[in-house]
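Hi everyone, thanks for coming. Let me put the structure up, and then I'll talk you through a few parts of it.

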Amino acid sequence: MRIPCPFCGSRDSREFVHRGDAGPARPADGADAEAMFDYVYQRANPAGLIREHWYHAQGCRNWIVVERDTRSHAVSGGAWPGPAR
Amino acid sequence: MRYSIFSLARQALHRHRGWGPAWRDAEPAEAGYDVVIVGGGGHGLATAYYLARVHGLTRVAVIEKGWIGGGNAGRNTTIIRSNYGLPGNEPFYEFSMKLWEGLERELNYNAMVSQRGVLNLYHSDPQRDAYARRGNAMRLHGADAELLDRDGVRAMVPFLDFENARFPVQGGLLQRRGGTARHDAVVWGYARAASALGVDIIQNCELTGFLTDASGAVTGVETTRGPIRAGKVGLAVAGNSSRAVALAGLTLPIESHVLQAFVSEGLKPVIPGVVTFGAGHFYISQSDKGGLVFGGDIDGYNSYAQRGNLPVVEDVCEGGMAVMPMIGRARILRSWGGIADMSMDGSPIIDASPLPGLWLNAGWCYGGFKATPASGYCFAHLLATETPHETATAFRLDRFRTGRLIDEKGVGAQPNLH
């Protein structure tokens, strides 16, 4: 697999660390245990397109969001996390 | 037909023309079933068998989207062992080992259970201490474990690279009762025994939804071969657990990952039992056909593709070369990938789902094969009695909510580290 890093360009996946689904959002401080349970443990685990966090450990050391198909491993996008910049 | 030396001799005299199919390829029954098991792999078929054999339930069906044993039951590395450390796990896996030991007599089927031993190598003093601790935990739960020193290992497997500069072999933790079993024969043996007790095995029948009543309780399954009513529905669909429960609007603490395995060309007998490398992730055994069967880590990203990528192929082969350089001359014949339902603590779930009528057997990660008999036994116990079997009380779905995790590796909610 090659991962399109928005800073370094297309790079081999072995330069990256896979963190997992980018979907779950950390609950606000003081959220109840149920919200933390959802965030930490529950996963949509789709068969198809998934947006996930990858860390370019052996490159620019940025966290990026990669869009990938879990049925074919086809990577269709790489972007900065958070609001557009 | 009961298999024995006499039936074999009788068939030999009749040019083997009298063998019938081992099990019945059934149609879905109009009247429905007491229990429908989704998933015709080892776990699903074992569940159906024990429902009929132990609990007397014979209005049972197993539905399978392809052919039985075509999923992870045909994609594993056939290792059986009970070398776990945690109290929630070890009694269950030891129960499974005991079932393996009586399986062939029970099923009247040759599952080629071969207790040639599982040897986990250690390469440093602290690793020896950790293995001693695990071995003691195993023995406290009635399993067998022996801590071998370097000479003990050398007597068993003299071909290792003992003087490796980075990872010298210092010894190993040996479970002599561990070994391998023939994966297909396990599936066929359970299918044959379940079918003989009246269980319907329905192939080419994919789950497409759930039938529910007004209260939302599950009362059957929608399939590609029409609706099938059921008193209870049990899911045993391994890597597809999240997809199956999504049809009922549920989410699980599970990610699906791909685990690769490899087999070499056939060689003369050389590897006695199962050997695992302690300084990297590599395990190997030799099949009865002579192929070296080996594997290592999961690829590390979510996948339903049933095939992996080259970085892990390299990593596995490097691990193999580091511990037993002699295998470098063998050529790899085949490699494949299976989809493992990686739970968030690395341990399985055998429990009721939040929906009445729907029951779960999931989260086996990359270790489901060895659990096949006990998984079936305990899931059948749960489905029949609605209480967990005494060896599976820790495998609750709500443990992630309550914090009673069973994390053998102690790495937290990160499936690709388990």
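**A helix over a sheet, and a helix pair**

Okay, so helix α8 (residues 310–323) of chain B lies across β4 (118–122), β12 (254–266), β13, β14, β15 (291–302) and β16 of chain B, and runs at about 135° to β15(B). Axes here are lines fitted to C-alpha atoms, for helices over the stretch in contact, with angles from 0 to 180 degrees between N-to-C directions. Helices (H or I, at least four residues) and strands (E, at least two) are DSSP runs, numbered from the N terminus.

Quick housekeeping: this is a predicted model, where local features need pLDDT of at least 70, side-chain atom pairs count only at pLDDT 80 or more, and totals for chains, interfaces and linings use all residues. Residues are numbered from 1 along each chain as its sequence is written, while chains are lettered from A and ligands numbered from 1 in the order in which they are written.

Now the sheet: it's open, with eight strands in the order β5-β6-β4-β13-β14-β15-β12-β16 (chain B) and mixed pairing. Pairing takes at least two DSSP bridges between two strands. β5 (146–149) and β16 (332–343) of chain B are at the edges with a single partner strand each, so one side of each has no neighbour in the sheet. In chain B, β13 (residues 274–277) and β14 (residues 282–286) pair antiparallel over three bridges.

Last bit: the axes of α2 (residues 42–55) and α6 (residues 183–196), both of chain B, come within 9 Å and cross at roughly 30°. So α2(B) and α6(B) are roughly parallel (under 35 degrees; over 145 is roughly antiparallel, 65 to 115 roughly perpendicular, the rest oblique).

Methods:
Contact = placed C-beta atoms within 7 Å.
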